[in-house]
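Me: I am new to this structure and would like to go through it step by step. Could we begin with a single residue and then widen the view?

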Amino acid sequence: MYPRSLPYLLLLPSTLFLCVFFLYPFGLVAWQAFVTDTGQFTSEFFVEMKSHWKFGTALTNTLMLALAVVPFQICLALYMATLVNGMKRGRDLILYIWTIPLGISDLAAGIIWLAVFEQTGFLNSMLQGIGVIDQPMSLLSYQNTGTIFLAILLAEVWRATAIVLVILVAGMGLIPKEYYEAAEVFGAGRWKRFTRITLPLLKPSLQTAMILRVILAFEVFAVVVALGGTNLPVLMGEIYTWQFDLQDANVAAAYALVILVISIACTLLIMWGLRTPKGARV
Amino acid sequence: MSTAHRFGSFPVQLAGSWHRYLFTGAVILLCLWVLVPIYLLLVNTLSSAEAVAAYPKKPFPEIDTESLQFFMNYAGVGQALWNSIKVATVTMILSIAAGAPAGYALSRFDFRGKDTFRILVLMTRAFPLPLLALPLAVLYIRIGLDDSVLGLAFVHTTLALPFAVLITFSLFSGIPIELEEAAWTLGCNRFQAFYKVIFPLVLPGIAASAIFAFVISWNEVFAAAVLTIENRTLPAFLLQGLSDSPMHLKFAGGAVLVLPALLFIFLVRKYLFSMWGIANR
């Protein structure tokens with residue numbers, strides 16, 4: 001029918017590409033983090049990274065942000081997805097509006113929320129307009145890491161819930177309608193149908209969405225720079241600083257390895273926590 | 001009565017109209033949540049520099065293009081915009097050229113190593129890809145690709161390629177193989193059958209995945225900032241100027257970044273779901 005080599009020939013370009021620009025660079029990162037320019041194996045870059053005063057804060061901030069953003073996003077997207085599924089008219093329009101942030105970069109999202117939170121921004125203007133405050137509060141200065149954190153949280157939820165929504169809506173579309181009809185015949189209410197049918201059958205989609213979001217949450221960078229400058233250090237921002245301002249690619253690589261390790265650990269944890277036994281798939 | 005229930009829908013007849021109001025209210029509120037921040041950015045963009053710095057702010061724009069003009073004439077912006085377009089275009093071409101054949105192979109053939117390849121593609125999701133820019137920055141200096149359009153486009157292609165593979169895979173899977181077989185029996189060879197029958201059918205989908213690749217590259221900040229120095233793309237240029245440029249410049253830059261992306265997402269909206277639906281399995 002066809003030469004046996006045809007499928008391999010078709011896969012060759014993308015496989016080559018992923019090997020050269022995906023697998024190989026990750027090997028290089030590990031190499032850079034452990035080996036000096038003269039070829040000596042060393043852990044000094046990690047020691048230098050750990051002893052820097054910003055490392056602990058950056059790590060905590062990154063983890064806290066991921067912990068605050070991701071669960072909130074999953075719940076919000078679940079709610080939005082059930083709303084969309086209950087819709088008779090206008091479903092496509094609403095879905096388009098809700099997925100708009102999908103096309104917006106993290107940098108642009110940061111700038112958008114800067115318009116709200118800056119000192120002469122819309123939040124202060126509105127609060128003054130309704131008489132809550134007399135003069136603008138400085139929300140994003142270095143004394144207010146709490147409000148910076150909150151602003152970043154809102155910007156991240158605003159920007160990246162759309163991707164979770166798309167994955168969950170696609171996943172819900174795969175669940176056979178008969179299951180719900182059967183459950184209804186036996187008298188299951190809306191909440192019971194949600195927890196007993198939707199959630200268990202949505203596990204693979206939830207898994208995909210959570211892995212994707214957690215990885216992206218560890219990479220949070222431009223939103224933070226746009227809203228907080230360097231007032232709220234995160235891991236990715238520290239990498240950028242070490243690479244450029246401090247001109248030390250080795251320590252930057254050590255940081256990168258930290259992100260890599262927590263990313264892989266979380267991926268494995270989510271894969272295990274939300275595993276679907278064989279034969280229980282839709 | 002109970003036939004009125006659809007999955008997730010509210011039992012209108014049973015619970016009365018306040019359920020309906022709650023439902024509509026939630027939908028409208030969530031739409032505002034998405035749209036209002038974008039609107040506020042546009043208000044700032046379409047106001048003069050004084051209005052942007054003024055306090056308290058008015059919620060309506062004065063329709064003044066001063067900020068936008070200032071931004072577009074600002075030194076380096078035109079160059080950055082042009083670089084962004086170049087990098088995104090190269091990314092688009094590379095990811096489709098490499099991704100579409102792979103998508104076709106995955107949908108049409110059974111062969112050893114198929115699962116290995118799928119795992120390789122899905123693995124890219126579990127890795128923080130912008131980090132790739134760090135080792136490549138060192139490598140590029142050695143091979144003369146530093147600060148170049150092509151070098152950055154390679155990294156962006158790594159981001160876009162998995163999506164291109166998955167979208168084209170779902171596109172080709174949606175076309176019955178019988179169509180191809182019919183073409184073969186009528187005397188087409190494999191290539192002709194693909195070119196004359198399958199290609200016209202998948203063209204819109206391919207275009208959508210190309211646009212998606214373009215958006216991924218257009219929006220990417222970290223790798224762009226790490227790999228370019230003179231030839232900054234627009235996001236990298238904006239990022240660099242965040243700490244010292246005036247507010248109205250940031251907002252105009254943000255708007256220039258957002259608007260094309262909005263248009264592109266509108267064009268590809270139909271394909272978003274087929275893409276992610278397949279990614280779940």
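Me: Is Asp147(B) buried, exposed or partly exposed?

Reply: This is a predicted model. In it, Asp147(B) is partly exposed, because 16 other C-beta atoms lie within 10 Å, and the buried class begins at 20 while the exposed class ends at 12.

Me: Where does Asp147(B) lie?

Reply: Asp147(B) belongs to the loop that links helix H7 (133-143) to helix H8 (149-173) of chain B. Its phi is near 60°, a positive value in a residue other than glycine.

Me: What is phi at Gln247(A)?

Reply: Phi of Gln247(A) is near 50°, again a positive value in a residue that is not glycine. Gln247(A) sits in the loop between helix H12 (235-244) and helix H13 (249-273) of chain A.

Me: Why does Gln247(A) count as exposed?

Reply: Gln247(A) counts as exposed because it has 9 C-beta neighbours inside 10 Å, and the exposed class covers 12 or fewer.

Me: How do the two helices on either side of that loop pack? What should one look at in general?

Reply: A pair of packed helices is described by the angle between the axes and by the distance between them. For H12(A) and H13(A), the axes come within 8 Å and cross at roughly 165°. The two helices are therefore roughly antiparallel to each other, since angles over 145 degrees fall in that class. Their crossing is left-handed.

Me: Which residues make the contact between H12(A) and H13(A)?

Reply: H12(A) contributes Leu235(A), Glu238(A), Ile239(A), Trp242(A) and Gln243(A). From H13(A) come Ala249(A), Val251(A), Ala252(A), Tyr255(A), Ala256(A), Val258(A) and Ile259(A). By type, the residues of this contact divide into 10 nonpolar, one polar and one charged.

Me: Stepping back, how many helices and strands does chain A have?

Reply: Chain A has 13 helices and zero strands. Its C-alpha atoms fill a box of roughly 75 × 70 × 30 Å along the principal axes.

Me: What share of chain A is buried?

Reply: Buried residues account for 45% of the 282 residues in chain A. As for contacts in chain A between residues at least 6 apart in sequence, 72% join residues at least 24 apart.

Me: Let us turn to the two chains together. How many residues of each are in contact?

Reply: In total, 83 residues of chain B are in contact with 84 residues of chain A. On the chain B side, H2(B) gives the largest share, 12 residues. That side of chain B divides into 63 nonpolar, 14 polar and six charged residues.

Me: At what angle do H1(A) and H8(B) cross?

Reply: The axes of helix H1 (residues 6-34) of chain A and H8(B) cross at roughly 135° and come within 10 Å. H1(A) and H8(B) are therefore oblique to each other. The crossing of H1(A) with H8(B) is left-handed.

Me: Which residues are involved there?

Reply: On H1(A) they are Ser14(A), Phe17(A), Leu18(A), Phe21(A) and Phe22(A). On H8(B) they are Phe154(B), Val155(B), Thr157(B), Thr158(B), Leu161(B) and Val165(B). The contact of H1(A) with H8(B) comprises eight nonpolar, three polar and no charged residues.

Me: Now for chain B by itself. Into which domains is it divided?

Reply: Chain B is divided into domain 1 (2-65) and domain 2 (69-279). The C-alpha centres of these domains of chain B lie 31 Å apart. Their contact takes nine residues from domain 1 of chain B and eight residues from domain 2 of chain B.

Me: Which elements of domain 1 give two or more residues to that contact?

Reply: They are helix H2 (17-45) and helix H3 (49-53) of chain B. H2(B) supplies the largest share of the domain 1 side, five residues. The residues on the domain 1 side divide into six nonpolar, three polar and no charged.

Me: One last residue: where is Tyr74(B)?

Reply: Tyr74(B) lies in the loop between helix H4 (66-73) and helix H5 (77-108) of chain B. With 16 C-beta neighbours inside 10 Å, Tyr74(B) counts as partly exposed.

Me: How far apart are Tyr74(B) and Leu249(B)?

Reply: Tyr74(B) and Leu249(B) are 175 residues apart in sequence, and in space they are 8.9 Å apart, C-alpha to C-alpha.

Terms used. Residues are numbered from 1 along each chain as its sequence is written. Chains are lettered from A and ligands numbered from 1 in the order in which they are written. This is a predicted model: local features need pLDDT of at least 70, side-chain atom pairs count only at pLDDT 80 or more; totals for chains, interfaces and linings use all residues. Domain bounds come from an automatic or database domain assignment. Two residues are in contact if their C-beta atoms, placed from the backbone, lie within 7 Å. Helices (H or I, at least four residues) and strands (E, at least two) are DSSP runs, numbered from the N terminus. Ala, Val, Leu, Ile, Met, Phe, Trp, Tyr, Cys and Pro count as nonpolar, Asp, Glu, Lys and Arg as charged, and the others, Gly among them, as polar. Axes are lines fitted to C-alpha atoms, for helices over the stretch in contact, and angles run from 0 to 180 degrees between N-to-C directions. Angles under 35 degrees count as roughly parallel, over 145 as roughly antiparallel, 65 to 115 as roughly perpendicular and the rest as oblique. A crossing is left-handed if the near helix is turned anticlockwise from the far one by less than a right angle, and right-handed if clockwise.
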